[in-house]
Structure formats: structure tokens, C-alpha cells
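Here are some questions a careful reader might ask about how the words used for a protein structure are justified. Each answer sets a value against the cut-off that the word depends on.

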Amino acid sequence: LVPPDAALTRWPAAQLAAPEAIRLGQGQAVPAPNAAAGPTKVYDLDGRFIAIGTVSDGLLRPDRVFHR
């Protein structure tokens with residue numbers, strides 16, 4: 001079985017602490033001041049792939065969230 005993020009190897013990644021990961025999982029944007037604009041794969045601090053999002057204007061907005 002291939003991990004779902006295997007197809008996104010060239011995308012930038014963001015890693016979120018628990019409070020931000022929860023907010024993103026609820027559909028809310030979270031601050032991403034140092035992230036490059038565009039599509040981003042998102043992980044929690046344990047390295048679990050939790051979402052695909054888009055960074056713009058210093059915010060990471062969820063596009064697809066994966067339930068744990």
C-alpha cells in the first residue's frame with residue numbers, strides 16, 4: 001500500500017502543533033508566516049499526514065482534511 005502523500009513529494013510541507021492541527025481539521029485557516037505560497041501538504045508533530053492546504057497571505061487554509 002502506498003501512503004497518500006507519496007504522490008506529493010515535490011510539494012512543500014508544513015508541520016503543525018496540536019492546537020493549529022485541530023483548528024485546521026475543523027476547517028479554519030491557521031497562521032503560516034514563513035511558508036511558501038501555494039499548495040502544501042500538512043503534517044502534525046508526530047509526522048502524520050493530516051491535510052492538503054493552500055498558503056496565501058500568510059495563512060494556511062485547508063483544502064482536504066484526513067480523519068485520524
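**Reasoning from values to words**

Tyr43, Phe49 and Phe66 form one aromatic cluster. The model in which they are found is predicted.

Q: What makes Tyr43 and Phe49 an aromatic pair that is tilted?
A: A search of the whole structure finds two aromatic pairs. In one of them, Tyr43 and Phe49 have their ring centres 5.6 Å apart, with 45 degrees between the planes. Rings pair if their centres lie within 6.5 Å, and planes count as stacked under 30 degrees and as edge-to-face over 60, with the rest being tilted. The distance therefore qualifies the two rings as a pair, and the angle makes that pair tilted.

Q: Why is the pair of Phe49 and Phe66 also called tilted?
A: Here the centres are 5.1 Å apart and the planes stand at 35 degrees, so that the distance falls within 6.5 Å and the angle is neither under 30 degrees nor over 60. This pair links distant parts of the chain, since Phe49 belongs to strand β4 while Phe66 lies in the segment after β5, 17 residues apart.

Q: How do you know whether Phe49 is buried or exposed?
A: The relative accessibility of Phe49 is 16%, and buried means under 20%, so Phe49 counts as buried.

Q: How do you know whether Phe66 is buried, partly exposed or exposed?
A: Phe66 has a relative accessible area of 33%, which is not under 20% and not over 50%, so the word for Phe66 is partly exposed.

Q: What makes Arg48 and Asp44 a salt bridge?
A: Side chains of opposite charge can pair when their charged atoms come close. For Arg48 and Asp44, the closest N and O atoms are 2.9 Å apart, and the cut-off for a salt bridge is 4 Å, so the pair qualifies. Arg48 forms a salt bridge with Asp46 as well, where the closest N and O atoms are 3.1 Å apart. Asp44, Asp46 and Arg48 are thus linked in a network of salt bridges.

Q: Why are Asp44 and Asp46 given opposite words, buried or exposed?
A: Asp44 has a relative accessible area of 4%, which is under 20%, so Asp44 is buried. Asp46 has a relative accessibility of 61%, which is over 50%, so Asp46 counts as exposed.

Q: Why is strand β3 described as largely enclosed by the rest of the structure?
A: Strand β3 covers residues 38-44, and six of its seven residues are buried, so the strand is largely enclosed.

Q: How do you know that strand β3 pairs with β1 and with β4?
A: Four bridges join β1 to β3, and these strands run parallel, whereas six bridges join β3 to β4, and these run antiparallel. At least two bridges are needed for a pair, so both joins qualify. Across the first of these joins, Gln15 stands opposite Tyr43 in β3, and across the second, Lys41 stands opposite Ile52 in β4.

Q: What makes the link between the side chain of Gln15 and the backbone oxygen of Asp44 a polar contact?
A: The side chain of Gln15 reaches that backbone oxygen at 3.2 Å, and the cut-off is 3.5 Å, so the distance qualifies. Gln15 itself, found in strand β1, is exposed, with a relative accessible area of 51%, because exposed means over 50%.

Note on methods: Residues numbered from 1 in each chain as written. Predicted model: local features only at pLDDT ≥ 70, side-chain atom pairs only at ≥ 80, totals over all residues. Heavy atoms only, no water. Buried < 20%, exposed > 50% of the residue type's maximum accessible area, 1.4 Å probe, protein only. Polar contact = N/O pair within 3.5 Å; in protein donor to acceptor, adjacent residues only side chain to side chain. Phe/Tyr/Trp six-rings, centres within 6.5 Å; stacked < 30°, edge-to-face > 60°. Salt bridge = Lys/Arg side-chain N within 4 Å of Asp/Glu carboxyl O.
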